[in-house]
Amino acid sequence: MTSTSADAASSLRPSAGSLAFNEISMVFPDGTEAIDRVSFSVERGEFVTVVGPSGCGKSTLLKIASGLLEATAGTVEVDRERLGYVFQDATLLAWRTVQRNVELLAELHGFDAAERGRLATEAIQTVGLAGFENHYPRALSGGMKMRASLARTLTLKPPVFLFDEPFGAVDEITREHLNEETQRLFVAEGFAGLFITHSISEAVYMSSRVLVMSARPGRIVAEFEVPFDYPRPRDLRFEPEFARLSGEISHALRGGHS
Amino acid sequence: MTLSPSDTDPAATSEMPSEPAPTPATPIGTTSNRRRQIGSVVLPPFLLGLGILGLWYAISYLVLAERRRFLLRPPHQVIEKGFLDTSTFSEILSGLVSSARVALIGLAIAIVLGMTIAVIMSQTKLAERAIFPYMVTLQAIPILAIVPLISFWFGTGQTSRVVVCVIIALFPIIVNTLFGLQSAERGAHDLFTLHHASRLTRLRKLMFPAALPAIFAGLRISAGLSVIGAVVGDFFFGRGDVGIGQLLRRYANRLQGEELLAAVIMTSALGVCVFWFFGWLQNRAVGKWYDPSSSGT
Ligand SMILES: Nc1ncnc2c1ncn2[C@@H]1O[C@H](COP(=O)(O)OP(=O)(O)OP(=O)(O)O)[C@@H](O)[C@H]1O
Ligand SMILES: [Mg+2]
């Protein structure tokens, strides 16, 4: 990766594939304080996971990063041109087949039909949905829908990838497989990943760094480096070191006392 | 990089349906089993039909005295005079065709007008708030109350008949289209927002396709209403082609009970055909993907 240093103006802009929150606070119009002065950044090649109790503002944070919501204070630095954002729900369009769903974003970005088709076919291969191109969403299981949703985002080859509890609704086994696939993608593409989850084991398995958020208003209360090398074997979850780290994170989540 | 589901992912393999797409469960069974099922579907209405025919005969012959029998002629006389008599039957058919044409034109206008209004309402809350009360008012006016006004403005020719159809068919189209346009999921809207979709792109690729099931449901209702509108309009407006409404009135005035009943039966048949046709159309258009049991994916 070469980093181009140019004039002063462009050095203020985020480098390709990085994301930074500077003192972000969010108060909703109804007075709900969702986020309180959150600052951290995710560089290219980093996979950062945020864990926190329900309702602490994790989704809100991603919405602010993507521009769907405007923070009430603070700034976000990110290139939004080709931002990847995988929602908690698959949000597939029911009237489109898998192939046409996966082509959607390329379509919205004005790629021509041939290029769209090529990108979609490649992404569908990557998530292991080959053979299901002509299925409508109603004929897919929950896990397959999530794969299609992932493939849809992959077509853009985003340098920054946001995941909002993407595998929260699928069963344990499927989730572990989707974790492995996502990790392979991360290793292959080296994007900057920001991941949200409720599962500590998922957080440790996937991330290079885990941030713990407090209950509302969300604040970053702890940060853990995850020392394991990528790609990580499936059985890492049963290593003592993995268990120890999970325990520490769990402790931090409960507010630092028992 | 490629992950094949076969070696890396047992979950994917187990998820694979063996058929291209799951179809609604069809009864599997032996021939006699299936025959019994067909019997159970066809037999009850058939028996009820026989019962009604019996009742009809009973009223004609047992309840009504000879000189009052014109009120309800027995079925075979209705068939004889209303359906087998070529001149009467072709008169009824041409009346039906005329009214069906009026209903179709009225429906077409209502579709264009109604969908345009619904799209405008879907684009700004202001337009929705401004228009909605008037739509509800229009819907609440009994059609018979404005028939004199329509004949006052448009005369008693074909135009007035079409106007009645439009007025009566408009509301379900607007309401259903609007409801459909607003039915796209929040998440899907977010997706379009994230990728800087224009208003038109959002309408064409998200809101409109999402609205199709509701639009077709509305179309089905409106088509039925449009037929009613055509008959009612024809009943009151005397100029122009003779439609089924004029015939109904004529037969009633001349106490032609057989012809009257035949015309009524044929009018219902038209209504049933229209309802069935739009049901078929709906299934053709959205049946492949629409899953009524889930609101989203
Ligand atoms: N549009 C809104 N208006 C008012 N309050 C909101 C709005 N959106 C979210 N909130 C509130 O902000 C808080 C944070 O919401 P958010 O969805 O970010 O939580 P979360 O951490 O993602 O929770 P979960 O883990 O359950 O998904 C919640 O208390 C929620 O009620
Ligand atoms: Mg959330």
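**Exercise 1.** Place Pro231(A) among the elements of chain A, then describe the peptide bond that leads from Tyr230(A) to it.

*Solution.* Pro231(A) belongs to the loop between β9 and α8 of chain A. Helices (H or I, at least four residues) and strands (E, at least two) are DSSP runs, numbered from the N terminus. The bond from Tyr230(A) to Pro231(A) is cis, with omega near -15 degrees.

Some ground rules before the next task. Residues are numbered from 1 along each chain as its sequence is written, while chains are lettered from A and ligands numbered from 1 in the order in which they are written. The model is predicted: local features need pLDDT of at least 70, side-chain atom pairs count only at pLDDT 80 or more, and totals for chains, interfaces and linings use all residues; side-chain values use heavy atoms, with hydrogens and water left out.

**Exercise 2.** Describe the peptide bond from Arg216(A) to Pro217(A), and find the loop that holds Pro217(A).

*Solution.* Take the bond first. From Arg216(A) to Pro217(A) it is cis, and omega is near -5 degrees. Now the place. Pro217(A) is in the loop between β8 (209–213) and β9 of chain A. For background, most peptide bonds are trans.

**Exercise 3.** Give the phi angles of Glu165(A) and Leu255(B), and say whether each residue is buried or exposed.

*Solution.* Start with Glu165(A). Its phi is near 40 degrees, a positive value in a residue other than glycine. Glu165(A) lies in the loop between β6 (160–164) and α6 of chain A. Its relative accessibility is 11%, so it counts as buried. Buried means under 20% relative accessible area, exposed over 50%, partly exposed in between (1.4 Å probe, protein chains only).

Move to Leu255(B). Here phi is near 55 degrees, again positive in a residue other than glycine. The loop between α11 (244–253) and α12 (257–286) of chain B holds Leu255(B). With a relative accessible area of 55%, Leu255(B) is exposed.

**Exercise 4.** Work through the aromatic pair of Phe186(A) and Tyr230(A): find its geometry, the parts it joins and the cover of each residue.

*Solution.* Begin with the rule. Rings of Phe, Tyr and Trp (its six-membered ring) pair if their centres lie within 6.5 Å; planes under 30 degrees apart count as stacked, over 60 as edge-to-face and the rest as tilted. This gives 20 aromatic pairs over all chains.

Phe186(A) and Tyr230(A) are an edge-to-face pair, 5.1 Å centre to centre with 70 degrees between the planes. Phe186(A) is in helix α6 (residues 172–189) of chain A and Tyr230(A) in the loop between β9 (220–225) and α8 (240–253) of chain A, so the pair ties together parts that are 44 residues apart in sequence. Phe186(A) is buried at 4% relative accessible area. Tyr230(A) is partly exposed at 24%.

Widen the view. Both residues are in one aromatic cluster, whose members include Phe47(A), Phe161(A) and Phe195(A).

**Exercise 5.** Classify the ring pair of Phe235(B) and Phe236(B), and find the charge that sits over Phe235(B).

*Solution.* The ring centres of Phe235(B) and Phe236(B) are 5.4 Å apart and their planes stand at 75 degrees, so the pair is edge-to-face. Phe235(B) is partly exposed, at 29% relative accessible area. Phe236(B) is partly exposed too, at 37%.

Next, the charge. The charged end of Arg249(B) sits over the ring of Phe235(B), 4.7 Å from its centre. The rule: NZ of Lys or CZ of Arg is within 6 Å of the ring centre and within 35 degrees of the ring normal. In chain A, Arg237(A) has its charged end over the ring of Tyr205(A), 4.0 Å from the centre.

**Exercise 6.** Describe the surroundings of ligand 1 and its contacts with Gly57(A), Lys58(A) and Ser59(A).

*Solution.* A residue is near the ligand if one of its heavy atoms lies within 4 Å of it. There are 14 residues around ligand 1, and Ser54(A), Gly55(A), Lys58(A), Ser59(A) and Thr60(A) come nearest. Helix α2 (residues 58–66) of chain A gives the most to this shell, three residues.

Now the polar contacts (here, pairs of N or O atoms within 3.5 Å). A polar backbone atom of Gly57(A) is 2.9 Å from an oxygen atom of ligand 1. For the side chain of Lys58(A), an N or O atom is 2.7 Å from a ligand oxygen atom. A polar side-chain atom of Ser59(A) is also 2.7 Å from an oxygen atom of ligand 1. Alone, ligand 1 exposes 640 Å², of which the protein buries 66%.

Definitions and conventions:
Polar contact = N/O pair within 3.5 Å; in protein donor to acceptor, adjacent residues only side chain to side chain. Areas by Shrake-Rupley, 256 points an atom, 1.4 Å probe, with all protein chains shown as cover.
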